[in-house]
Structures are given as C-alpha cells and as structure tokens.
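Biologist: Hi, I'm new to this one. Could you show it to me and walk me through a few spots?

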Amino acid sequence: MWWVESQWVIIELVQRNFGWALVPEHIIVDALKDGSLVSPKLDFDKHSWPVAVELIWHKEKPLGKAGTWLKKAVIALDQQA
C-alpha cells in the first residue's frame, strides 16, 4: 500500500505499472479514452467510496460567514453518512 497527496500522481504510478488504484472516473476519463489505463468491472464495487475531508482553521481567528457555513455543511454531511 502506498499513499500520495495527488490523484494525478496515483495515475502516473499506475500507468508505470506500479500497482492499481481506486480513483474517481472523471479524473481518468482521458486515460481510459486513449487506452493508457483500463477500468475492469469489479464485483465488489457496487457503492460509492467515501473521501476524507478535513476542515482546518486558526483557533485564534474566528471563522467568517463563509467559513462558518462551510463548517456546518461539512458536519451535516458527516452526520448523514
């Protein structure tokens, strides 16, 4: 297992035969079209996969209106999961 900060790096590694990866289809659509990647049909992949999101702010600076809205929206999404 390996970890990188960019899905574009993941694609590059897979294209160099360094394993396989689960990435959103909209990111690999061009590579699928040109044949540099293939996407096999998977029996176990029948649901969406969660993506981690972190909301970070400076604790000595209060959030503004947009930041407050975003924080509430992220918390609400997490509670729905």
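Modeller: Here's a short chat about two helices, a loop and a lysine. This is a predicted model, where local features need pLDDT of at least 70, side-chain atom pairs count only at pLDDT 80 or more, and totals for chains, interfaces and linings use all residues. Residues are numbered from 1 along each chain as its sequence is written, and side-chain values use heavy atoms, with hydrogens and water left out.

Biologist: Cool. At what angle do H1 and H2 cross?

Modeller: Roughly 35 degrees, and the axes of H1 (residues 7-15) and H2 (residues 25-34) come within 11 Å. Helices here are DSSP runs (H or I, at least four residues), numbered from the N terminus. Axes are lines fitted to C-alpha atoms over the stretch in contact, with angles from 0 to 180 degrees between N-to-C directions.

Biologist: Which residues make the contact?

Modeller: Gln7, Trp8, Ile11 and Gln15 from H1, plus Ile27, Ile28 and Ala31 from H2. Contact means heavy atoms within 4.5 Å.

Biologist: New topic: where does asparagine 17 lie?

Modeller: In the loop between H1 and H2. Asparagine 17 isn't a glycine, yet has a positive phi of about 60 degrees.

Biologist: Is asparagine 17 buried or exposed?

Modeller: Exposed, because its relative accessibility is 72%. The cut-offs are under 20% relative accessible area for buried and over 50% for exposed, with partly exposed in between (1.4 Å probe, protein chains only).

Biologist: And which helix has lysine 72?

Modeller: H3, residues 65-80. Lysine 72 counts as exposed because its relative accessibility is 59%.

Biologist: How many Å apart are lysine 72 and alanine 21?

Modeller: 31 Å, C-alpha to C-alpha, and 51 residues apart in sequence.

Conventions. Helix = DSSP H or I, 4+ residues; strand = E, 2+ residues; numbered from the N terminus.
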